[in-house]
Each structure stands twice: as structure tokens, then as C-alpha cells.
Amino acid sequence: MIIYIGYLIVIGVEALLFYKYKSYFDDYQHGKRIYLILCCVQLIIIAGLRGYNVGADTRVYLDELEFYSSLPKLEMLFYSLDRRHDFEIGYLFLTKLCAFFCISKTTFLFIVACAIYIPLFFVIYKYS
């Protein structure tokens, strides 16, 4: 939790700096875009480098990745959806895809963070 409080402080300071030096940007939208990209990249790095036990469901997701990675490739692709966890179809597909390509746990966390935060920051940029 401390890391996210630190993150909020950092983006607050960055917001003040972007506001103070807004004359260096071509227009407001350009500065806003750079600020949001910076915030998004920082959040992706935090989420990707977090511990494997941090978060309510992280351990469950990583256990599923390990489970599918341990299966033979053909069996993994067609393994029944009736597992012990009720994952969304898209998330299960992403997990199987990462397991198929033998993605590490940290890389998997980065991929999941990108899948979550890039669209979120795009919506924030577009509608704010």
C-alpha cells in the first residue's frame, strides 16, 4: 500500500511540474498526453514488478499460469474450462497464451498490467 501512496505523491508532484512548465509544450493536449503516458508507464512498472503475493488474486492468477505451463502444449490449449477458478474467457485465453509461450511470472504481470492500464489511461485521456 505504501508504494501506491508514494505513487500518488509522485504523480502529484509531476502534475505540479507539468502545470508550472506548461509553456514548454505545443498545446495543452500535448502536455496532458505526455503526463498521462508517464503516469501509465509508472503504474505499469509498479504493477509488473510487484511481489507475487501482493494483491488479492495475484497468487491465484500465477498458480493458473504455472498450471497451464506444466501441461503439454496441445492439452493446454483444449483443457476444459471447468477448473477450480471461474476466470473470464478473455483472461483465461490470455493466461493460456502466455503459458503456451512460456512467459515468466514477471512478464505475465507486465502483460496483465498493460492490458488493464493502457485502455484505462486512453479513456482518461480521451474523456477528461
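Glutamate 14 is buried, with a relative accessible area of 13%, where buried means under 20% relative accessible area, exposed over 50% and partly exposed in between, for a 1.4 Å probe and protein chains only. The model is a predicted one, in which local features need pLDDT of at least 70 and side-chain atom pairs count only at pLDDT 80 or more, while totals for chains, interfaces and linings use all residues. Residues are numbered from 1 along each chain as its sequence is written, and side-chain values use heavy atoms, with hydrogens and water left out.

Glutamate 14 has its place in helix H1; helices here are DSSP runs of H or I with at least four residues, numbered from the N terminus. When its neighbours within four places in sequence are left aside, glutamate 14 is in contact with Tyr35, Leu38, Cys39 and Gln42, contact meaning heavy atoms within 4.5 Å. These four residues also appear in the list of H2 residues that make the contact between H1 and H2. Helix H1 (residues 2-20) and helix H2 (residues 28-48) pack with their axes 11 Å apart and at an angle of about 165°, the axes being lines fitted to C-alpha atoms over the stretch in contact and the angles running from 0 to 180 degrees between N-to-C directions. H1 and H2 are therefore roughly antiparallel to each other, a term that applies to angles over 145 degrees, as against under 35 for roughly parallel, 65 to 115 for roughly perpendicular and the rest for oblique. The crossing of H1 past H2 is right-handed, that is, the near helix is turned clockwise from the far one by less than a right angle, whereas an anticlockwise turn would make it left-handed. On the H1 side the contact includes Ile3, Tyr4, Tyr7 and Phe18, and on the H2 side it includes Gly31, Ile34 and Ile46.

A second helix pair is formed by helix H5 (residues 89-100) and helix H6 (residues 105-127), whose axes come within 11 Å and cross at roughly 145°. H5 likewise passes H6 in a right-handed crossing, and the contact is made by Tyr91, Leu94, Thr95 and Cys98 of H5 with Phe108, Ile111 and Val112 of H6. Threonine 95, found in helix H5, counts as buried at 0% relative accessibility; apart from neighbours within four places in sequence, threonine 95 is in contact with Glu64, Leu65, Tyr68 and Phe108. In the loop between H5 and H6 lies cysteine 102, which counts as exposed at 57% relative accessibility and has a positive phi of about 55° although it is not a glycine. Most residues other than glycine have a negative phi.

Rings of Phe, Tyr and Trp (its six-membered ring) pair if their centres lie within 6.5 Å, planes under 30 degrees apart counting as stacked, over 60 as edge-to-face and the rest as tilted. By this rule the count comes to seven aromatic pairs. The rings of phenylalanine 67 and tyrosine 68 have centres 5.3 Å apart and planes at 75°, so this pair is edge-to-face; tyrosine 68 is buried, with a relative accessible area of 1%. The pair of phenylalanine 100 and phenylalanine 101, with centres 5.2 Å apart and planes at 90°, is also edge-to-face, although phenylalanine 100 counts as partly exposed at 28% relative accessibility and phenylalanine 101 is exposed at 54%. Ring pairs further link Tyr61, Phe87, Tyr91 and Phe108 into a cluster.

Terms used. Helices (H or I, at least four residues) and strands (E, at least two) are DSSP runs, numbered from the N terminus.
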